[in-house]
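Q: I have a structure open and would like to go through some of its features. May I put a few short questions?
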Amino acid sequence: MKTAISVVAMASASASSKCAAFCKQTRRSHFNSTLRAQLCTQRSSFSDVNRQHNQHRPGLLFASSRDSKLHERIVYVHSSAHSELGLEDKKPPLGLFRDDAHVRRNELPSSGYVHLPFCKRRCFYCDFAIVAVGERNTTSAAHIDSTMDSYVNSLCAEVVATLEKLPQPSPLKTLFFGGGTPSLLPAHHLSRIIEIFDRICGFHSNAEVSIEMDPGTFDRVKMKEFLNCGVNRISLGVQAFNDDFLKACGRSHGLQDVYEAIDIIHDLGVRNWSLDLISSLPHQTVELWEESLRKTIELAPAHVSVYDLQIEEGTKFGTWYKPGQHPLPNEDNSAAFYRLASSLLKEAGYEHYEISNYAKPGFQCRHNLVYWKNQSYYGFGLGATSYVNGKRLSRPRKWKEYADFVDLCIQQKQQKSAELCANEDAMENVVDTLCDTIMLSLRLACGLDLHYISRTFGYDWCSCICKGLMPFIKSGHAVVLDSNLKSMSSDVLSEAISRGSASLLEKDIMFIRLADPEGFLLSNEIISSLFSALPSG
Amino acid sequence: MDLLSRHYQAVPQNDLHPAFLGLSVSHSQLSLSHARAERGQRCRILLGTRCQSSAIEAPELPDIKLPHPSSLLHAIDMGKDRLSKVPVSQIRNFSIIAHIDHGKSTLADKLLQTTGTVSDREMKQQFLDNMDLERERGITIKLQAARMRYVTKDGVPYCLNLIDTPGHVDFSYEVSRSLAACEGALLVVDASQGVEAQTLANVYLALENNLEIIPVLNKIDLPGADAERVRSEIEEIVGLDCSDAILCSAKEGIGIREILESIVTKIPAPKDTSTNPLRALIFDSYYDAYRGVIVYFRVVDGSIKKHDKILFMASDKEYEVDEIGVLSPSQMQVDELVAGEVGYLAASIRSVADARVGDTITNAAKKAETALPGYQEATPMVFCGLFPVDADQFTELRDALEKLQLNDAALKYEPESSTAMGFGFRCGFLGLLHMEIVQERLEREYSLNLITTAPSVVYRVLCVDDLVVECSNPSELPDPANRVAIEEPFVNIEMITPKAYIGPLMELAQERRGEFKEMQYITENRATVTYILPLAEAFSVGRALTQKLKELIPRQMFKIPIQAAIGSRIIASEAISAMRKDVLAKCYGGDISRKKKLLKKQAEGKKRMKSVGRVEVPQDAFMAVLRLEKEVV
């Protein structure tokens, strides 16, 4: 387990400005060192980057003297022996952050998602809330700029209206810019958004700030600007290592763009980056898929996301293709792709920590883990979903409606918003929360924490879940783990269940997870079976 | 359909078909596979095709002009004195016979409206069909009656009794009884479609009952209407003089007056035999929770009054009449009904089996010598197993069947248990539609969740000791050593088809082990082809069933072999390979609700599935097997 030293500096409104300054200073230094460490692969470049920071964007992140509220807040400063940077030799338990696993429901989020919907064009498989702006050229540039300006204005207004009415927003541990293609945005927009979060919430010392970037939408300069804004994790939407496939998906980039993008990432020393791939593309064969995986491994990203192509209604793929039918690979081949990814990536040192995500030790995406641990998070922007106080809220997917929504947020700024203030009535019922927890936890390599279930929902639910999973444990699709995440015999569990022994269950068994890859492959089947076995589930 | 229920033919034992696995077909199998041919090839067969509901717009009240002073009254007031007595010579009892969708119910509605029997306000679409199920499907299952008062052009008031008939071949016995209660019938033919199979079947039934038939060409407002062609078709096929056939559009209210007038002029009045001992023909009955069985009847001889002691001659049950009345179309109490009149009675009768359709009511004190002819016991022709999805519902199912049987003398059932399905009932029905109706009523009115096994027919097994065993269930089949022969029910099937499709139809019949009887050209371009066909068809169904199940049972976590077998001999087999992979979508913040909804839906689906052994079989698969006939080629 990691040993976390928390320095908690508390200051009241009446505290001296000296104290407040101390807090500010502490946070800044920690964040900056984190940032530096994340950006640097070599000790030698450490000071360069540091100097760059100080030279070009002096004090950008936390020097905001406007933040009069800062000293009113409780500031957590973590100096973590185990960091997420992979600088430690000691491996943390797979997919586990035991300290923050059980955020209390009425605690405010310390994670934020920001949706930046702009894309050059809509990919053929995509049904996200996006805004296609076309290629940038002399005629379109002015229009694109004003479109983005106007969107970022709305977005910032939403962030401010939402966060400023909170009495004590927690500093962010993770911030994620998703899209769309966030990398289409000029860096000054990003910087403006991050500054707002910094002003109102502040950032945790080792906050993870991720951005999705597409090859062909940025150059070295832009990437540097992003990093200077505070971005410290890149998720690169490669999708395929084959020009034909990229074309067939309607992607706006080519293979050349992919290599250029990765060169930039490597050159700038960004270690914490993820490479996204899509499997089961039309005409994809096992051989071609293996080639993609091998190239991925060669390029050594810290994190790999492998998405199984899903045919959505209303997309071009939806009208052209039927799942499992030519030219899409059949179910057997798709399953083979999944198995291959799992075995090759694991062989190359990646942990398969979530159904479609792999990471080198310490490089799991902490933002996404927030989702899978069913913790709360803010969501801002077109179509974004937030989960605050046990309530999920999806923002409108159409721009006009979203703009109206933001206006409403501003109007309600003074009032206590139902969404953001503790409101027992608005909470999902217990079974819903339990189902969320089951569904999300079983996506993870550490699986379902039985103690947590028992403690939060009661032993009866826990035992019910165990019974429901028993057939799958017997068939090898699910695995029982002890507290060290070592797999153990299913007999212990069946005995604990048959004796109805809470203590036995608690003493020996910690987790039930889906087997990799066979259990993951059938996760829907297993989870829905479990749901149907739950009373009123 | 001329069901040769007594006409069993021997089948070689090794040719025994998969009914003995619960995989089988019934006559409806035939009818529907032909119905399929019909869709593509525009041919018609004599068997009832599946009824379909048709969208009919609410009829408008026509502008009626009568010379009589009462003509000034609005139509709503016209029917007010419909309870007043008229001499027997001014009573007309009639039915409407038609092929499905040729507009029978719309015409009936229009007649009720025009005579003011039903006001606009109370006008429900297709008034005579009052079960939800009937209205939804647009078909008449249980017939009803309506008494109307009509004042002719000459100002003479008449009492018209419309006796509605059920439309489906499953209920041909009920049709024949209600026709027997009439003196005449309107033969409604769609002016664009012409004579169809059911037109013929019903006309023959009407002719058997010596009814005066008035041809009516309906839907003449449709662009495709060709009255002349249809007129000559009726003359050629049915042999009915159509020179004064009435052109009508029930929907538009065209020709309604002419129909009413010709009912009065053409259909003979009932014989005045009111002084004879009472004989009344039951043409329908249903169970009412408060008053016991309500019996619909036509008084043929004598008269019947409240508090009369009556005897049902076939069931030999005696009751005292509590209530007597007419149907107009709602029940209206009267004191007495005499020969020629149509009405209902209630006598605290416990079960419809005591007052079956076709039975004769007589006066217990003054008995008639002979019953009216034509009574038949209900013989179930199609059998299937009904099992509750949730085993806990077994007793509820038993109670529901008991209650349904009170109202449905043709429904037979006995307990059955199966290793796959648990406890349930083996039920017998008149036909496939009857089966579906019962099943739907059980689900709808009693909230039962059922699984129905594939329907099968009754086989007759001749044993070495000269014993004849009838079995509807493979488990009842005697030991092979004791079997001499097995016989199966055959049907006489008459297909009316355009010339061009004779070939494919004959091929189809041949494939179904059909035996060619004859072919006749009825017009230059249409012919009837007659075959004798086994009521159940075998191997093709075994094959089709396994294929259908393969399609419908979702892949599961292990491989599932599907086999259709006769005894130990496998006649068809398929396999569902094990599930390889789910849809593994990513699941981030915005996806969580959607994903959960999806999984919950999948979970709901699982709850509805019936586990047969380890295999989860969706209800859909059971239902589709039932409807398989549609898709079997």
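Q: Where is Met519(B) found?
A: In this predicted model, Met519(B) lies in strand E26 of chain B, residues 515-521. Strands (E, at least two residues) and helices (H or I, at least four) are DSSP runs numbered from the N terminus.

Q: Is Met519(B) buried, exposed or partly exposed?
A: Met519(B) counts as partly exposed because its relative accessibility is 35%. Buried is under 20% relative accessible area, exposed is over 50%, and partly exposed is in between, with a 1.4 Å probe and protein chains only.

Q: How is the numbering done, and what is filtered?
A: Residues count from 1 along each chain as its sequence is written, and chains are lettered from A in the order in which they are written. Local features need pLDDT of at least 70, side-chain atom pairs count only at pLDDT 80 or more, totals for chains, interfaces and linings use all residues, and side-chain values use heavy atoms, without hydrogens and water.

Q: On to sheets: what is the strand order of the open sheet in chain B?
A: The 8 strands run E13-E12-E18-E9-E10-E17-E14-E15, with antiparallel pairing. Two strands pair if DSSP finds at least two bridges between them.

Q: Which are the edge strands?
A: They are E13 (317-320) and E15 (331-333) of chain B, each pairing on one side only.

Q: How many bridges join E10 and E17 of chain B?
A: Strands E10 (residues 292-301) and E17 (residues 342-346) are antiparallel over 5 bridges. Arg298(B) has Val342(B) in E17(B) as its bridge partner.

Q: And chain A, how many helices and strands?
A: Chain A has 19 helices and 19 strands, and 59% of its 537 residues count as buried.
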